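Please open the structure in your viewer and keep the selection tool at hand. This tour goes from one selection to the next, and at each stop it says what to look for.

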Amino acid sequence: MGSGMEAQVSDLQAGARAKRSLTANEPANETPSLSLVLPAYNEQEVISQAVREADEALASLTADYEILVVDDGSTDGMADVLEQLAGQFDHLQVLRQPKNLGYGAALRRGFEAASKELVGFTDADCQFELSELKRLVFLSGDYDIVCGYRIDRQDPFLRCFYSNVYNTLVRTLLGTRVRDCDCALKLFHRETLRLLPITTDGFLVNGEMLTEARQQDLSVVEVGVTHRPRAAGTSKVSITHIPVVLAALVRFWWNAVLFPQRAASRDLQQWPPRQRLQMGLLLLAFASVLLFTNLSYPLFEPDETRYAQIGLEMFETGDWVVPRLGGEPYLDKPPLLYWLTAFSYSLFGVSQQSARLPGALAALLTILVVYVLGRRLVGDRAAWMGALLLLLSSAFILSGRFLMMDGLLTLFTTAGLLSAAVALHARQGPALGWWLATGIACGLGILTKGPIAAVLCLPPMLATAWLAKNRRPLCWQVVLALALPMLLIAIPWFILVSSSQHDFSNHFFWTHHIQRFLSAFNHSEPWWFYLPVLAIGLLPASLLFPALAIYLFARRKEFRGGVRGENLDAMRTQQLGTLLLSGLWVVAFFSMSSCKLPAYVLPAIPMFCLAIGKMLQDVQWPDPTIPAQAIPAYAIPSIGRYVGRAREQAVVLTSLTLIVAVIGDLVLNPKSPLGIALACLLLVGVAWLVATRRDKKISAQQAWLATAVLCLVVSAYTFDRLVPQVANWRSLAQTAATLRHQLGEEVPVVYFGRQPHSATFSIPRSQVAEFSAEQMDGFRRFMDQHAVAVVVTTRHSADRIREDCGQSVDLTRPAARGKIYVAESIAAKSLRVGQRTGNLLK
């Protein structure tokens, strides 16, 4: 809402209150003039009684009144009856709609025509005692709006049940604060009605007016009224209206209560081009340090080793169509990640670092996309803070430093969702360029992990369009701009691989998509599984969730303190709603899936970070020069206070993380330089003093900057030093390579019942042998030819080796981890013992 509109509303509110004050001071025998609006549709049987009762009731209150009957396109002869009644009642005015436009449209027409000081309305079915208007008129001297509520409702049971459910929904979603929202006996000051624009044409009109009254801080009072059975005719409300009313309620709640402001690009906070470039480069510098340093540690099993091996086989064989693992087709996923990994091998050589570069680059581009596209939705400052929060999110950085599908998928879903959001909120034209970008991103996402990319991107677009009644996404140009690039990018590979692998469609679409969604695939988790996953993975941004909840849902004044401006509702834009809807859809979809893995919800994290960045932009940072006792009591639990509390929690959590990381580094690598550890611990102390603002001269922005720097340092230390140490400790291949080095470089490594993918980057391929659990004879013959071998297997398989080969192979476990063994030929061992004995005898 612009400043001019806010000033106009303030003037109207002042005028309405002044008028009400004058009305309240009038002598008791002078009742204000009164207009009564009766919307009617096909009420031929009862309209005469309704007009007569209205005329009697108003005549007993004041001599200056009018009755406005709005004929909403009736087809039952009611128009002829009204024409006769107009000749009998001098105060009756008949307003005719060209067709049946709806209850809200009829009230809007009547309110526009009303000319008296007080304006009331009731239905034309004669279910209210209009003589009770006297009580409403009396209360109007002290309140802007007087609402009746039905004391003993005389409607059928089902109608009462539907109404109770509806009233509960309206109170919960819209905050109307009345018990009987749709009671059709209400009284307004005419100046008050000018503050309540009616945009709905249907039955939601009461909820809309009362919501507007709450948002504009108008006074509302309820009074009990008598309810009677319908005098004649039939009700025009039926069960078929329920879906229509609920749809209208959801749309109004979303667009007028949660996200009422539609921000144009000129309304967003923009930086000068030079500052925008500098802040973007600073963001990329931070991201590069966290993502690209020290990527050469051992690959984590099983996903990293599997994907690295597939890319390596693709690079070595030159078969870019069919992904292969161990020489066999691997058709679980599309090939884009394997292509990028193989291309990285061709540029930088075969290494762990080369394998991880595509994931790190995808994470870097995701941060850039969040900043560049997010600024078109929430402004430069909010987009930069959202990108910084994304960079600080532990789950996101972890995915960027790992070789995994979900990081690359997150890049394309983020680009697709944000491009679609920019297109949906474009002021003019269909924005075909942005829809084309969405189609390209979805096509690349399909080529990364299959149709799930379209499933994550398309529903939020359609839902946003439905909520805003935006038909542009359904026009043929937009459909073509979306579908054509998706088909051109993804379909060729699917056709090529289907032509050579006849079981591909069943295996890929049915087994690894539909069945994976419907069955657990050994990854069964409860529906709430992703709630703690997001809370941990989004740290430290998730500490701001309480402040975000207040920012979105708070209605009480005391929780609205701490935002820039008087109207909190005006801060929540429809673009913000699109971001949250996109993130929530990702979480909801995977929560419905039977198969759940933590990395699945990674595409939701950029959306939530941008939403939190928007909130932080709107927060009014507390002034450190103002003493706490000078802050009004209602402002203490404000959003700004919750943000400050989250900052202190972030400092504590990050400091503890750094201490744990330093201890873990020293335990796993006793030769780790103590100077680095001591410098980090010293940094914790300095950041603690700054971020907790022990010196009140430090502003809240500076405190947050210190907290962000502390988080960046902790992340850099953790991912550059601790994670590689954990990878070395956890890697079976690295442990086997170390043991082989101790035994001799000619000692082979045998993978028994396990695939040797992890050995590619640690052990020469000529020194690696593989046997399945069924190839026990082959393993025995191999050991007959080799005196000693390092065996990588499971404990169960080790027990089988001892049972089947105990006469010829001695299996011991020198390593601390139970999956690494040393196998020694008993014959060779006996020969060495004999030689040693002979040497001793000599």
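Begin by selecting valine 369 together with the residues it touches, which, leaving aside those up to four places away in sequence, are Gly374, Leu411, Thr414, Ala415 and Leu418. Bear in mind as you look that this is a predicted model. Valine 369 has its place in helix H13, which covers residues 352–378. Is valine 369 buried or exposed? Because buried means under 20% relative accessible area, valine 369 counts as buried with its 18% relative accessibility. If you now add leucine 418 to the selection, you can see that its C-alpha atom is separated by 8.4 Å from that of valine 369, although the two residues are 49 residues apart along the chain.

Next, select residues 380–392, which make up helix H14. This helix has 13 residues and reaches 18 Å from its first C-alpha to its last, close to the 18 Å expected at 1.5 Å a residue. Twelve of the 13 residues of H14 are buried, so the helix is largely enclosed by the rest of the structure; among the buried residues are Asp380, Trp384, Met385 and Leu392.

For a stop inside a sheet, select residues 185–189, which form strand E6. Five of its five residues are buried, and therefore strand E6 is also largely enclosed by the rest of the structure. In a regular strand the side chains alternate between the two faces of the sheet. In E6 both faces are covered, with Leu185, Leu187 and His189 buried on one side and Lys186 and Phe188 buried on the other.

Keep E6 selected and add strand E4, residues 118–122, which pairs with E6 in the antiparallel sense over five bridges; here glycine 120 has leucine 187 as its bridge partner. Then add strand E5, residues 145–150, which pairs with E6 in the antiparallel sense over three bridges, with phenylalanine 188 as the bridge partner of isoleucine 145.

Now turn to the surface and select Phe157, Leu158, Phe161, Val165, Leu169 and Leu246, which form a nonpolar patch with about 570 Å² of accessible area together. Helix H6, residues 157–174, supplies the largest share of this patch, namely five residues. Phenylalanine 161 lies in helix H6 and counts as partly exposed, at 46% relative accessibility.

Finally, select the whole protein chain, which has 31 helices and 14 strands, and in which buried residues make up 53% of the 842 residues.

Conventions:
Residues numbered from 1 in each chain as written. Predicted model: local features only at pLDDT ≥ 70, side-chain atom pairs only at ≥ 80, totals over all residues. Heavy atoms only, no water. Helix = DSSP H or I, 4+ residues; strand = E, 2+ residues; numbered from the N terminus. Buried < 20%, exposed > 50% of the residue type's maximum accessible area, 1.4 Å probe, protein only. Contact = heavy atoms within 4.5 Å. Expected span 1.5 Å × (residues − 1). Patch = residues over 30% accessible without salt bridge, like charges linked within 9 Å, V, L, I, M, F, W, Y side chains within 5 Å. Areas by Shrake-Rupley, 256 points an atom, 1.4 Å probe, with all protein chains shown as cover. Salt bridge = Lys/Arg side-chain N within 4 Å of Asp/Glu carboxyl O. Pairing = 2+ DSSP bridges.
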